[in-house]
Amino acid sequence: MRLLIPTCASLLLVCLGCAEPLDTTRKTAARGTLGEEIFRVVHRDLEREAPDRAFGFMSERSRFISAIDHMMPESELDRTQALLIGLLPLYDDDTLPKQTRTMAGILGRLEDDSGAQAALAALQNRVGYVDLARQEALVRRIAAYPCFRELSRRMLALALAHDGRDETGAKDPSESDLMIRMLRYGAERASELEISEDDERTLVLAADLLLLEDGRLATNTLEDPPQVVARDPRGMAWVEPPAIDTFGMFRDNTPADGLADIDEAGRFLAPTGQPIDLPPFSAEGTRDPERRAMTTQGLVYRYLELDQTILGTALRDGRTIIERGAIPKIRKVGEAVLGPRTEEGTYHAAASPLVDLGHALLQGIAPEDALPLLSIVRKLLLTHEGSLAYLVEELEQQQDIADAHPAHLRAGNTLLTDMLSMIRRLLEQPGLVEALLTLVEEDPDLLRFPSASAQLMSFRRLPITEADFDQGRMFQQVVDRSQPDHRDNQSYHQRVLHLIYDTRGLRYRPEFLGVPLGFVFEIPDLASFYLLSLIGEAEVPSLVSTLTGLSTRPTPEELARFINEDQIFGNPVGKEGLEVRHNDGDVLFAVAGSDMARALAPLVRLFWSRGQLDILLDIFELLHLHYATQAGGDYQETSRQSPRYSKLSGVRDFEPMLISIYSEVELLESTGHLLRETRGLTATGGAVARDVLLRAIRKFVAKDVSLTTRAGAVDVVVDGRRVSPLSPFELVWWALERMDQAVARSPSTQAAADDLQALLRELYLETDGTGTSRRLRNRRAVVMAEHLLDFTEARLAIHQTRGRLASWWRQDLLEEMEDAVSSPVLPLMLDLADAIAAEPELERMLIEMRDQMLDDQDGFPEVLALAGDLLGAAKDASVVAPMVRFMGKEMHPDRGLALELIDFTNRALDFDPEQQLLELTRRGLEPAPPGGIHWYGLGRAIQETNRVRPGAHGLLSTADVQQIVKTLAAYVVDEEHGLEKFYDLVRSRNAAHEGGTQ
């Protein structure tokens with residue numbers, strides 16, 4: 001006790017700022033508890049020349065004594081005494097004095113910064129904006145973690161191992177300087193902070209969105225759901241209007257804004273102009289069971305149920321993502337996609353495919369289309385969820401099937417490029433795509449197309465005879481998937497496409513005894529003639545009908561028989577120089593014997609009626625050219641003029657996948673149902689939704705000679721080929737292709753990307769139910785999407801009203817993306833994650849603590865409360881910016897404060913092997929009567945002793961903060977009466993002491 005009492009008393013004098021001579025006379029044994037004795041010593045010294053401050057200290061007597069006695073109970077005094085003795089070397093080598101002198105420098109600079117002092121006062125007066133019991137419980141959970149001391153040691157060791165210095169403190173180029181870079185970036189950003197008062201700044205908008213309440217988001221799984229007080233645009237507690245107008249509790253001299261008045265210290269003012277000390281959460285005054293401020297008329301402030309906010313849902317989804325091991329996978333994929341770093345260690349935004357993707361999307365969607373498109377998405381989600389979920393489920397099932405089939409197209413193929421050209425051509429024809437959608441919506445025969453295609457892909461027979469057709473033997477021999485597509489192992493589907501290609505544009509002129517009969521009858525295009533037979537529009541003259549036995553409007557079956565018989569008028573010869581009957585003409589029997597003829601009829605009728613049958617034939621020809629494989633050996637790619645020409649892309653290898661999709665996925669059905677249900681859907685402004693969507697798609701795929709990459713290039717390489725002029729789709733394709741290439745360089749990165757994609761699909765695209773009664777499983781995600789769409793629509797509308805929509809959409813958003821990618825934050829965070837991952841035991845403990853903090857019935861309510869309060873406090877940024885700037889300057893690594901503190905803490909832990917400091921901290925965090933924690937007893941003593949009017953209690957004014965800072969700054973460096981005098985006494989202590997102690 002001989003060292004314990006004067007040491008503790010002296011340290012308290014430091015905090016209380018008593019600039020009085022230290023009484024160093026020998027003391028008699030303590031006459032009360034440790035707390036009582038320390039209080040007596042400190043109070044006596046205060047009372048000698050500062051009675052008013054002694055009065056302030058006396059007003060906190062019971063709390064102060066209770067705090068000391070609880071934190072250092074009688075049973076622990078010997079251990080505490082041993083700790084203080086153990087710390088003596090830190091006095092002797094000037095370590096402790098150096099730390100307090102550093103603190104003195106900070107206090108001195110704070111004393112000279114009036115703006116920072118005003119900001120500090122504002123921060124002090126936000127106490128009670130969240131139920132402090134939540135924050136206290138969270139800190140207690142952290143301190144109670146069984147491995148907290150070891151975790152602290154490892155965190156400190158990590159920081160010291162990445163500070164770029166050797167053991168002497170000199171710069172070490174061989175050591176990572178991650179900690180220095182993190183400190184420098186944070187300090188420089190903070191010291192230059194300038195924030196406007198605009199209530200539409202990004203930080204405020206994000207806070208308002210995340211703290212938006214919706215009862216549909218509630219989980220009802222928390223025993224005691226957390227709340228925070230809502231904040232107005234200034235960051236102050238949101239006072240309910242009756243408390244201003246009706247109750248007369250708050251002053252409002254500017255009623256136009258509807259906000260209660262505050263002073264420069266961030267204190268609400270009563271009608272009399274006096275500050276109001278009424279915390280939103282407290283145990284004092286009139287309170288409801290949730291400790292919220294009440295009057296007889298209701299709540300004084302507006303409160304937020306955090307379990308019903310987007311923030312709560314986002315944290316829960318984030319918890320699921322973390323629990324599924326997504327963080328290291330995100331890091332791995334992110335590092336691959338972000339690419340190499342610059343010499344400064346940041347990522348190169350100019351070369352980022354992520355930003356290129358953003359550029360492409362912003363260029364591809366016209367600003368004036370953005371608002372209508374969002375309104376359509378919103379209506380689909382909210383009023384047509386059943387049909388939308390039905391389509392989503394079928395698309396998901398199709399994706400699952402595709403993922404399960406490892407087929408690949410031949411390297412360097414042009415299938416996608418050719419298909420894009422075909423899609424562009426379809427979209428360029430006025431009304432054609434609209435008519436196709438109507439066909440999907442209305443014609444039931446079209447629904448036969450998938451199953452008919454699956455049947456033709458599944459079976460083979462070469463040749464097919466008329467007897468095979470008559471006796472039903474065509475669909476017995478399946479394609480051998482273990483073998484390539486050699487001549488007799490090609491599916492009917494592959495052969496049909498070849499037949500159309502071979503007979504496309506083929507003129508058939510019958511002859512009799514060598515005499516051409518073209519003047520009587522000819523077929524200008526045999527492929528077209530056959531397609532027209534599907535809809536009854538293929539005609540032959542009655543004379544030819546009599547001579548050949550064909551009907552005047554032959555059916556597909558009749559033509560199949562005719563083509564495959566030896567005709568006295570001559571047999572049709574295809575473009576490849578072979579008679580059609582010997583060059584896949586027999587496959588017409590398979591078409592006639594399946595549902596394909598009926599399924600194709602609606603498409604043929606549509607294209608023919610619009611004079612666009614050539615487009616349909618071009619689609620079949622395109623598929624044929626990419627269908628065959630090299631391994632089959634039946635086709636060549638050398639000469640288009642020679643027989644059996646093909647690009648050999650290998651679509652045939654996808655037949656098993658397509659058969660599964662066509663057999664199991666109801667894509668046409670689900671699409672048709674959604675089209676029927678949304679037939680009258682309109683977008684913002686009254687435009688027909690289907691017209692808006694098609695207009696946007698046409699713009700997205702159309703070539704645009706003015707379109708360039710971010711770097712100004714007018715061409716890009718996609719699918720192995722240089723493309724110019726560009727379309728937005730090709731820009732997107734280019735960016736995605738580069739991202740895929742970056743990910744695919746490492747099998748582990750590719751696996752991580754696949755896992756992340758599967759997880760996101762599971763979280764947000766899984767559905768329940770069947771058919772059109774389906775609903776997205778994650779109901780809270782639907783609600784979140786609704787609010788996100790509302791928020792985005794509102795932002796678009798605001799920029800449109802201001803006449804800035806185009807510049808905001810095309811320039812501002814892209815610049816924000818570039819800034820995000822090139823910011824030092826990303827590499828710093830990734831480097832920190834890598835550094836932690838390199839310390840398995842540290843990573844294990846962090847994960848263990850994280851899981852505890854995110855458990856619903858453990859730490860999650862407190863984490864949610866803290867996150868909600870921090871988001872609300874983000875609105876304070878314009879008020880507290882001076883304090884943020886001050887701290888930024890102080891924490892800059894060139895000043896050395898942070899690094900000194902890390903080093904000192906690490907050394908101090910060595911002198912406390914029994915974790916007495918940790919135990920003292922834990923006790924200080926325990927609940928104290930009449931409320932709060934025991935540490936508050938010490939804090940309140942400091943506050944009430946050193947304010948302008950000691951013992952006044954209530955909110956601090958700016959002058960109070962200035963007085964406290966000034967007093968503490970003076971005492972720390974006072975060599976005659978302050979802390980420096982105490983250090984001298986400790987250093988000059990007598991070596992011989994009773995009991996071997998000092």
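How much accessible surface does the protein have, and what share of it belongs to carbon and sulfur atoms? The accessible surface comes to about 46,200 Å², and carbon and sulfur atoms account for 56% of it. The model described here is a predicted one.

## Overall dimensions and fold

The protein has 998 residues, and its radius of gyration is 40 Å, whereas a compact globule with that number of residues would have a value near 30 Å. Along the principal axes, the C-alpha atoms occupy a box of roughly 140 × 65 × 50 Å. The secondary structure consists of 45 helices and ten strands.

Of the 998 residues, 49% count as buried. Among contacts with a separation of 6 or more, 71% are between residues 24 or more positions apart.

## Helix α11

Helix α11 covers residues 178-191. Its 14 residues should span 20 Å at 1.5 Å a residue, and the end C-alpha atoms are 20 Å apart, so the expected and computed lengths agree.

The buried residues of α11 include Leu 178, Met 179, Ile 180 and Leu 183. Also on the list of buried residues in this helix are Tyr 185, Ala 187, Ala 190 and Ser 191. An α-helix has 3.6 residues a turn, so residues three or four places apart point the same way.

## Helix α34 and the loop that follows

Helix α34 runs over residues 747-764 and is followed by a loop that leads to β9, residues 767-768. Thr 749 lies in this helix. With a relative accessible area of 6%, Thr 749 is buried, because the cut-off for that class is under 20%. Beyond residues up to four places away in sequence, Thr 749 touches Lys 332, Val 333, Ala 336 and Val 743.

Arg 761 also belongs to α34. Its relative accessible area is 12%, so Arg 761 is classed as buried. What does Arg 761 touch, not counting residues up to four places away in sequence? The residues in question are Glu 396, Gln 399, Asp 400, Asp 403 and Glu 766.

Leu 765 is situated in the loop between α34 and β9. Its relative accessible area is 31%, so Leu 765 is partly exposed. Together with Leu 760 and Tyr 764, Leu 765 makes a nonpolar surface patch of about 230 Å².

## The surroundings of Leu 456

Leu 456 is placed in helix α21, which comprises residues 449-458. A relative accessible area of 1% means that Leu 456 is buried. Apart from neighbours within four places in sequence, Leu 456 is in contact with Phe 475, Ser 491, Tyr 492, His 493, Ala 590, Ser 594 and Met 596.

The C-alpha atom of Leu 456 is 9.4 Å from that of Arg 495, and the two residues are 39 residues apart along the chain.

## Salt bridges

How many salt bridges does a search of the whole structure find? The search finds 86. One of the salt bridges is between Asp 910 and Arg 153, with the closest N and O atoms 2.9 Å apart. This pair links distant parts of the chain, since Asp 910 is in helix α41 (residues 897-910) and Arg 153 is in helix α10 (residues 148-161), 757 residues apart. Asp 910 is partly exposed at 48% relative accessibility, and Arg 153 is partly exposed at 22%.

Glu 786 and Arg 216 form a salt bridge through their side chains, with an N to O distance of 2.9 Å. The partners are 570 residues apart and link distant parts of the chain: Glu 786 is in helix α35 (residues 779-801), and Arg 216 is in the loop between α12 (202-210) and β1 (227-229). Glu 786 counts as buried at 11% relative accessibility, whereas Arg 216 is partly exposed at 46%.

A further salt bridge joins the side chains of Asp 263 and Arg 267, at 2.8 Å from N to O. Asp 263 is buried, with a relative accessible area of 17%, and Arg 267 is buried at 11%. Elsewhere, Glu 76, Arg 79, Glu 914, Glu 919 and Arg 923 are joined into one network by salt bridges that share partners.

Conventions
Residues numbered from 1 in each chain as written. Predicted model: local features only at pLDDT ≥ 70, side-chain atom pairs only at ≥ 80, totals over all residues. Heavy atoms only, no water. Patch = residues over 30% accessible without salt bridge, like charges linked within 9 Å, V, L, I, M, F, W, Y side chains within 5 Å. Areas by Shrake-Rupley, 256 points an atom, 1.4 Å probe, with all protein chains shown as cover. Salt bridge = Lys/Arg side-chain N within 4 Å of Asp/Glu carboxyl O. Helix = DSSP H or I, 4+ residues; strand = E, 2+ residues; numbered from the N terminus. Buried < 20%, exposed > 50% of the residue type's maximum accessible area, 1.4 Å probe, protein only. Contact = heavy atoms within 4.5 Å. Rg over C-alpha atoms; globule rule 2.2 N^0.38 Å. Expected span 1.5 Å × (residues − 1).
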